[in-house]
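Trainee: Got a minute to go through this one with me? I'd like to get my bearings before I head back to the bench.

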Amino acid sequence: MEQELIIKSAKEVFSIEIEGLEEVQKKLGPEFVKAVELILNTRGRVVVTGIGKSGLIGRKIVATLSSTGTPSFFLHPAEALHGDLGMVVGDDILLAISNSGETEEVNKLLPSLKNRGVKIIALTGNPSSTLAQKADVVIDIGVPREACPLGVAPTSSTTATLVMGDALAMVLAKLRNIRLEDFRRNHPGGSLGERLKVAVAQIMLTGDALPLVSPGDSMSQVIKVMDEKRLGCALVVEDGKKICGIVTDGDLRRALLKHGDFRNLPVREVMTPNPKTIAPEALAAEALYLMEKKLITVLPVTDEQKKVVGILHLHDILGKGQFKFN
């Protein structure tokens, strides 16, 4: 009988929290759209603030936003009032979390931030609250009841806040066209073994990111391409992107020592011919082994006809600063 009571009580918590989520889902509308558009169009960051349980949920929202392409950070409201407000600039957006909308520490921040031109998005269960009245956008996260038997411990309300944060992050990620490789770049500290199991095609750079030049281009043109793409190299291609050479920072140094002013030389006189390449279906582990063996940091990715389909940088495998050659 005791076991049945335990399971029944647990199921009641699930039911109450599901009820809360369904109620909040029904409220999704123009204000949510405004919040998404505001974040999507800003040049600044999303600054999330809240205290107590709301602060804990806020930190998780920050982690989700940051890892899916929306730069953000958590601002503790009490610390903000003692100097940390200096981290916030006019282009930033404040995502303020308070179920009651009357959290004193949070509301004290609002005048200073509004004076800086910061837009405010409120996540609150009270659309008539002080926070809601001072916000530019109000997202209603109010739930019918808490799952706590006493009705006081934040349960359904914090779950609703967390899910709303996930909804914002996922919609933004979709609108930003975040890809798997983008997500991986934001998670360089994960298991090395897992990262090395992915195919090169999943993490290579493609399209406009490719630093492509032709054999007859002047070195002045090549240097411009290398500067724009910032990969430390240029891939020399001919006959429909078939690779015939590569120019690296090392090639530039050697050309300077040999020729002096080499800007008017054709790239064919400076490039390293027949560079090492890798196939897109190869594993990242194979690419890493080749990079370490040859002491290089970039690999052209080519198909069976040796046509360039991408380029792989060491940082795309491991994350900046996480790898040292033996």
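Mentor: Sure. A word on labels before we start: a helix here is a DSSP run of H or I with at least four residues, a strand is a run of E with at least two, and both are numbered from the N terminus. Also keep in mind that this is a predicted model.

Trainee: OK. What comes right after α12?

Mentor: Arg230 follows α12, and its phi is positive, near 55°.

Trainee: And which residues of α12 are buried?

Mentor: The helix covers residues 219-229, and Met219, Val222, Val225 and Met226 are its buried ones. Looking down the axis of α12, they sit within an arc of 115°, so they line one face of the helix.

Trainee: What does that buried set pack against?

Mentor: Three strands and a helix: β6 (212-213), β7 (233-238) and β8 (242-248), plus α13 (249-259).

Trainee: Let's zoom out. How is the protein split into domains?

Mentor: The domain assignment gives domain 1 as 1-187 and domain 2 as 200-318. Their C-alpha centres lie 44 Å apart.

Trainee: Which residues touch the most other members in the largest nonpolar core?

Mentor: That core has 25 residues, and Leu95, Ile121, Leu123 and Ile139 are the ones with the most contacts to other members. At least two residues each come from α2, β1, α3 (53-67), β3, β4 (119-124), β5 and α8. The top contributor is α8, with 5 residues.

Trainee: What does Ile139 touch, leaving out residues up to four places away in sequence?

Mentor: Glu31, Phe32, Ala35, Ile121, Ala122, Leu123, Thr124, Met164 and Leu168. There's also a second, separate core of 19 residues, and Ala96, Val106, Ala122 and Leu131 are among them.

Trainee: Switching to charges. How many salt bridges are there?

Mentor: The count comes to 10. In general, side chains of opposite charge can pair when their charged atoms come close.

Trainee: Where's a good one to start?

Mentor: Try Glu19 and Arg145, whose side chains meet in a salt bridge at 3.0 Å, N to O. That pair links distant parts of the chain, 126 residues apart: Glu19 is in helix α1 (residues 2-26), while Arg145 is in the loop between β5 (137-140) and α8 (156-175).

Trainee: Are those two buried or exposed?

Mentor: In between. Glu19 is partly exposed, with a relative accessible area of 31%, and Arg145 is partly exposed too, at 45%.

Trainee: What does Arg45 pair with?

Mentor: Asp92, with the closest N and O atoms 2.6 Å apart. This pair also links distant parts of the chain, 47 residues apart: Arg45 is in the loop between α2 (30-41) and β1 (46-49), and Asp92 is in the loop between α4 (77-80) and β3 (93-97).

Trainee: Why does Asp92 count as buried?

Mentor: Because its relative accessibility is 2%, and buried means under 20%. Its partner Arg45 comes in at 29%, so Arg45 counts as partly exposed.

Trainee: One more. Which residue does Lys114 bridge to?

Mentor: Asp136, where the closest N and O atoms are 3.9 Å apart. Lys114 is in helix α6 (residues 110-115) and Asp136 is in the loop between α7 (130-134) and β5, 22 residues apart. Lys114 is partly exposed at 38% relative accessibility, and Asp136 is partly exposed at 33%.

Notes: Residues are numbered from 1 along each chain as its sequence is written. This is a predicted model: local features need pLDDT of at least 70, side-chain atom pairs count only at pLDDT 80 or more; totals for chains, interfaces and linings use all residues. Side-chain values use heavy atoms; hydrogens and water are left out. Buried means under 20% relative accessible area, exposed over 50%, partly exposed in between (1.4 Å probe, protein chains only). The arc is that of the directions from the helix axis to the C-beta atoms. Contact means heavy atoms within 4.5 Å. A salt bridge is a side-chain nitrogen of Lys or Arg within 4 Å of a carboxyl oxygen of Asp or Glu. Domain bounds come from an automatic or database domain assignment. A nonpolar core is a set of buried Ala, Val, Leu, Ile, Met, Phe, Trp, Tyr and Cys residues joined through side-chain atoms within 4.5 Å.
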